[in-house]
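Trainee: Could you take me through the sheet and the pockets of this model? Short answers, please.

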Amino acid sequence: MPTRSAFSPAVQDALAGRDVIVFDGECVLCSGFFRFVLRHDRRAHFHFVIAQSELGTQMFHDLGLPTDDYQTNLVVTGDDVHGGIDSFAAVMAKLPRPWPMLSVARVLPEAVKSPLYGLIARNRYAIFGRAETCLIPSPDITARFIDGGIACPTPLAS
């Protein structure tokens, strides 16, 4: 598992030690996960970055991940960077009850986690759909996004 130090100094400065979820803003499933976290993260623990934004793209680049197809959410908690099912588990662990019980997903064997997550990631647009435009948060949610983490290269909806 990579650590926060894998990011460039500029990205580390932007994150400023905050716990962050980076998600595909065009993926209906990923955007649904974002909305789920917003509903249940009553302490506003997590901050957000859209993968297609300048900051999100740089984060994927710094980790050596593709920047043309965002097949994983990234979750930064403490000093750790999580991807795949571990990113889901890391988020669940930080939410109020009953959600932390779902963090048990992190103990699944890698031989199960990687293929399962890969199957969902590769087929997420076919199964759940793809937004024609990137997600644009309402003004009251914009404060939860890190600077440089909202804009994306596709046409934006209002």
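**Sheet and pockets**

Mentor: Strand 1 (residues 20-23) and strand 2 run parallel and are joined by four bridges. Strands here are DSSP runs (E, at least two residues) and helices are too (H or I, at least four), numbered from the N terminus. Two strands pair if DSSP finds at least two bridges between them. This is a predicted model: local features need pLDDT of at least 70, side-chain atom pairs count only at pLDDT 80 or more, and totals for chains, interfaces and linings use all residues. Residues are numbered from 1 along each chain as its sequence is written, and side-chain values use heavy atoms, with hydrogens and water left out.

Trainee: Which residue in strand 2 does Val-20 stand opposite?

Mentor: Look at the parallel pair, strand 1 and strand 2. The residue opposite Val-20 is His-47.

Trainee: Which strands stand at the edges?

Mentor: The sheet is open, has four strands and mixed pairing, and its order is 2-1-3-4. Each edge strand has a single partner, so one side of it is left without a neighbour in the sheet. The edge strands are strand 2 (47-50) and strand 4.

Trainee: What angle does the direction of helix 4 make with that of strand 4?

Mentor: Helix 4 packs on the sheet, touching strand 1, strand 3 and strand 4 (contact: heavy atoms within 4.5 Å). Axes are lines fitted to C-alpha atoms, for helices over the stretch in contact, and angles run from 0 to 180 degrees between N-to-C directions. The angle is about 120 degrees.

Trainee: Which helix gives the most to the lining of the largest pocket?

Mentor: A pocket, on a 1 Å grid over the protein atoms alone, is an open set of points where a 1.4 Å probe fits, with protein on both sides within 12 Å along at least five of seven lines; lining residues have an atom within 4 Å of a point. Helix 2 (28-40), helix 4 (84-94) and helix 5 (110-128) each supply at least two lining residues. The top contributor, with six residues, is helix 5.

Trainee: What volume does the largest pocket have?

Mentor: Grid points are joined across faces, edges and corners, and a volume is the space filled by probe spheres set on the points. For the largest pocket that gives about 400 Å³.

Trainee: Which residues lie nearest the centre of the second largest pocket?

Mentor: This pocket holds about 330 Å³ of space. Its lining has 19 residues. Nearest the centre are Thr-72, His-82, Gly-83, Gly-84 and Ile-85.
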